[in-house]
Structures are given as structure tokens and as C-alpha cells.
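Colleague: Got a minute to go through this one with me? I'd like to start with the metal site.
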Amino acid sequence: MKQTLPLLTYAFDALEPFIDTQTMTIHYSKHHQAYVDNVNAALEKFPELADVELTDLIKDLNRVPESIRMAVRNNGGGHLNHTLFWELMTPGGAKEPQGELLAAIEGAFGGFAQFKDAFATAAKTRFGSGWAWLVLTAEKQLKVVSTANQDTPISDGLTPILALDVWEHAYYLKYQNRRPEYIEQWFNVVNWTVVNKLFEENK
Ligand code: MN
């Protein structure tokens, strides 16, 4: 299925001062666009895959022909990860989860503060490029995990409900080497309404 860059529902400067305008612009228009272009270029070589959902390929990478498997893993994963990431941010949203999701977070981690610590630790300690995630397991348990590069938990049978990009391209222009500060500030723009929705749909 031909992939396209999703529309952003907010302006490039909407997440200031936490995510700066230049980073948002380059991240979305250049980095994400490149993942889209590269996964399309790889899949064009196999017209028999034209009708298959990208998500289904990423869930089961073994069905992707070996010659393009790494390109699909990296660029298809990059496309799906960023599509979710943009949706998970918003200017001026609720600062914390509510209702059943909050209760589930408290049950799994001991409290919202403890969850934030676990998530931030996963994001800080991911060596090199990657992502931190809050996922639902197949048993419907909440869990914090991290992945390398553009790998996504959906390849491991997990369902992401929160995602943080810790590639340097996501923060270096504003935060330089201060990844922990980026992680802390990013919590100001999390769209808990969307996280709640993903939890409700998948719990
Ligand atoms: Mn990125």
C-alpha cells in the first residue's frame, strides 16, 4: 500500500517552547518524508505486496522478501512510529492521564510519578538511536519498553499507546546532548486524550 506523509493537526511552532519550530519542521518534512519515500521505493519492487497493509508487514517481517526486509523494517517502522508520535503530542493538553488509564498506570507502576520515572529511564538509557514506549502486552498489561533504531513493539506483538523518539534528530537543535532535559520537557506536550483513546481501544 502506497504510504503518504500524514497531515499534522497543529502548526510547526505549536509545541514551543518544548519542541522548537525548526526541529518540528525538519523532523516532519525531511526525516519522516524520507521514511515514506524509502519504504515506497522498497515495496514498489514487489507489486504482489501492493494491497498489504504496512502494519501487517511490520507485524510479521518474515513475510517481507529478504532483499527489502531491512529497508521495510527501518523505513516502514520509521513511518509508522512517526505517524503515531505526531498524534501523541498536542499544545496545551491535559498534563496527566485520567480515569481508567490512570488507575491502570497506578496499578502497574505504583503511581504516575513512578511511571514517568520508568519511562524516562527507558528513554535515557536507550543507547544510540531509538524509542521509548508504553505498551499493552497480549495479556493486556501495561509495560515500559524501548527499541533500537526504528524498530516498533508491534513487531513483538505489543500494542504501543505512548511513544517517545530519542533519536538525536528529535532534540539536538534545542537540547544538544541534554537528552534527559528533552524527555522531561516533552511530557508537557503529551496528548493524554489520544493515549487514553488507544488504551480504551486495546485494553
Ligand atoms: Mn524521528
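Modeller: First, what counts as a donor: an N, O or S atom within 2.8 Å of the metal, with water not among the atoms, so sites may look incomplete. Also, this is a predicted model.

Colleague: Fine. Which residues coordinate the manganese ion?

Modeller: His27, His82 and His169 each do so through NE2, and Asp165 through OD, at 1.9 to 2.1 Å. Along the chain the donors of the manganese ion have the spacing H-x54-H-x82-D-x3-H.

Colleague: Where do His27 and Asp165 sit?

Modeller: His27 is in helix 1 (residues 21-43) and Asp165 is in strand 3 (residues 159-165). They are 138 residues apart, so the pair links distant parts of the chain.

Colleague: Is His27 buried or exposed?

Modeller: Buried, because its relative accessibility is 2% and the cut-off is under 20%. Asp165 is buried as well, at 0%.

Colleague: Different topic. How is the chain divided into domains?

Modeller: Domain 1 covers 21-87 and domain 2 covers 99-202. Their centres, taken over C-alpha atoms, are 21 Å apart. The contact takes 20 residues from domain 1 and 22 residues from domain 2.

Colleague: What area is buried between domain 1 and domain 2?

Modeller: About 1,600 Å², with carbon and sulfur atoms giving 60% of that. On the domain 1 side, Asn81, Leu84 and Phe85 supply 34% of the area buried against domain 2, more than any other three residues.

Colleague: And how many salt bridges across that interface?

Modeller: The rule finds 1. There are also 8 residue pairs in polar contact across the interface, both residues at pLDDT 80 or more.

Colleague: Which element gives the most to the side of domain 1 that touches domain 2?

Modeller: Helix 3, with 10 residues.

Methods. Residues numbered from 1 in each chain as written. Predicted model: local features only at pLDDT ≥ 70, side-chain atom pairs only at ≥ 80, totals over all residues. Heavy atoms only, no water. Donors = N, O, S within 2.8 Å, 3.2 Å for Na, K, Ca; no water. Helix = DSSP H or I, 4+ residues; strand = E, 2+ residues; numbered from the N terminus. Buried < 20%, exposed > 50% of the residue type's maximum accessible area, 1.4 Å probe, protein only. Domains from an automatic or database assignment. Contact = heavy atoms within 4.5 Å. Buried area = accessible area lost by both parts, 1.4 Å probe. Salt bridge = Lys/Arg side-chain N within 4 Å of Asp/Glu carboxyl O. Polar contact = N/O pair within 3.5 Å; in protein donor to acceptor, adjacent residues only side chain to side chain.
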